[in-house]
Amino acid sequence: YSKSDAVDGFFEKLKNDREEMFLHASLEEKYIHPILSERVPGGAIKLEEDHRKMHGYLDNLVLHFETIRRKSGQFERSRELELEFYRALNRFNAFYLAHINKEEEIIQPQLWSLCSDQEMKMMSGQILANQTPEQLTDSLRLMFPAINIEERLDIFNAAKSGMPLQAYQGFVKLAEQVLRPEDWQTLKERLE
């Protein structure tokens, strides 16, 4: 907190992460929740409640951090404000990890058992197609290192058939930048 450039950098990252999470939630609500609600009675209600809580947590974190930045060095209780931010960030992380776990352990298996492969690919395609190039790049920068080779190949094959050549080449460069060298080499060999 004593380095203003570090504080400013963290604040920008916090705001960017909030926007990324808001986008992620809105795309799920638009393209996944309707099918989930159709196949599982009330299937998306709890997820949408979680999304509203997430929005509140993130908005409050940003507002609190703005207060810390404004009062930095002038307020006798700065350390206490900073500690409260740290605690609130940890509460958010605990909440969000539980939410993601629910999506992966309960919701994904439900979707896989109640939707055809074509429906699953359609949902993924809609999510990818309804992002700006910048949003998609940011999402893929996070996704590529976290998914396995088969998932990467699925994304690349869909991109190759649905993107202009120049956009696809940018896609390939992004993967090369964010993947570990051995993961990039494996992907490159499988794509060839």
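**Exercise 1. The nonpolar core**

Task: In this predicted model, determine which residues of the largest nonpolar core touch the most other members, and which helices each supply at least two residues of this core.

Solution.
- Step 1. The largest nonpolar core has 18 residues, and M54, L58, F65 and F92 are those that touch the most other members.
- Step 2. Helices α1, α3 (45-71) and α4 each supply at least two residues of this core.
- Step 3. M54 may be taken as an example. With neighbours within four places in sequence left aside, M54 is in contact with M21, F22, A25, F92, F95 and Y96.

**Exercise 2. The packing of α1 against α3**

Task: State how helices α1 and α3 are oriented, roughly parallel or roughly antiparallel, and describe the residues of their contact.

Solution.
- Step 1. The two helices pack at an angle of about 165°, and their axes are 10 Å apart.
- Step 2. Angles over 145 degrees count as roughly antiparallel. Helix α1 is therefore roughly antiparallel to α3.
- Step 3. The crossing of α1 and α3 is left-handed.
- Step 4. On the side of α1, the contact includes V7, F10, L14, R18, M21 and E29. On the side of α3, the contributors include E48, H51, M54, L58, F65 and R69.
- Step 5. When sorted by class, the residues of the contact of α1 with α3 comprise 12 nonpolar, two polar and nine charged.

**Exercise 3. The packing of α1 against α4**

Task: Carry out the corresponding analysis for α1 and α4, asking whether they are roughly parallel or roughly antiparallel, and list the residues that meet.

Solution.
- Step 1. Helix α1 covers residues 4-31 and helix α4 covers residues 78-114. They pack at an angle of about 25°, with 14 Å between their axes.
- Step 2. Angles under 35 degrees count as roughly parallel. The helices α1 and α4 are therefore roughly parallel to each other.
- Step 3. The crossing of α1 and α4 is left-handed.
- Step 4. From α1, the residues F10, L14, M21, H24 and E28 meet F85, F92, Y96 and E103 of α4.
- Step 5. The contact of α1 with α4 has six nonpolar residues, one polar residue and two charged residues.

**Exercise 4. Two residues in helices: H51 and R91**

Task: For H51, decide whether the residue is buried or exposed; for R91, find the relative accessible area. Then give the contacts of H51 and of R91.

Solution.
- Step 1. H51 is placed in helix α3, whereas R91 is found in helix α4.
- Step 2. Buried means under 20% relative accessible area. The relative accessibility of H51 is 2%, so H51 counts as buried.
- Step 3. R91 has a relative accessible area of 46%, so this residue is partly exposed.
- Step 4. With neighbours within four places in sequence left aside, H51 is in contact with A25, E28, E29, H33, H99 and E103.
- Step 5. Not counting residues up to four places away in sequence, R91 touches Y57 and E84.
- Step 6. R91 and T132 are 41 residues apart along the chain, and their C-alpha atoms are separated by 31 Å.

**Exercise 5. Two residues further along the chain: V172 and L179**

Task: Locate V172 and L179, classify L179 as buried or exposed, and name the residues touched by V172 and by L179.

Solution.
- Step 1. V172 belongs to helix α8 (residues 165-178). L179 lies in the loop between α8 and α9 (181-191).
- Step 2. Because its relative accessibility is 21%, V172 counts as partly exposed. L179 has a relative accessibility of 6% and therefore counts as buried.
- Step 3. Residues up to four places away in sequence are not counted here. V172 touches F156 and W184, and L179 touches F144, P145, R152, W184 and L187.
- Step 4. The C-alpha atoms of V172 and A159, 13 residues apart along the chain, are separated by 9.9 Å. For L179 and L81, 98 residues apart along the chain, the C-alpha separation is 37 Å.

**Exercise 6. The chain as a whole**

Task: State how many helices and strands the protein chain has, and what percentage of its residues count as buried.

Solution.
- Step 1. The protein chain has nine helices and zero strands. Along the sequence, the pattern reads α-α-α-α-α-α-α-α-α.
- Step 2. The chain has 192 residues, of which 33% count as buried.
- Step 3. Along the principal axes, the C-alpha atoms fill a box of roughly 60 × 45 × 25 Å.
- Step 4. Among the contacts with a separation of 6 or more, residues 24 or more positions apart account for 68%.

Terms used: Residues numbered from 1 in each chain as written. Predicted model: local features only at pLDDT ≥ 70, side-chain atom pairs only at ≥ 80, totals over all residues. Heavy atoms only, no water. Axes fitted to C-alpha atoms, helices over the stretch in contact; angles between N-to-C directions. Helix = DSSP H or I, 4+ residues; strand = E, 2+ residues; numbered from the N terminus. Parallel < 35°, antiparallel > 145°, perpendicular 65-115°, else oblique. Left-handed = near helix turned anticlockwise from the far one by under 90°. Contact = heavy atoms within 4.5 Å. Nonpolar A, V, L, I, M, F, W, Y, C, P; charged D, E, K, R; others polar. Buried < 20%, exposed > 50% of the residue type's maximum accessible area, 1.4 Å probe, protein only. Core = buried A, V, L, I, M, F, W, Y, C linked by side-chain atoms within 4.5 Å.
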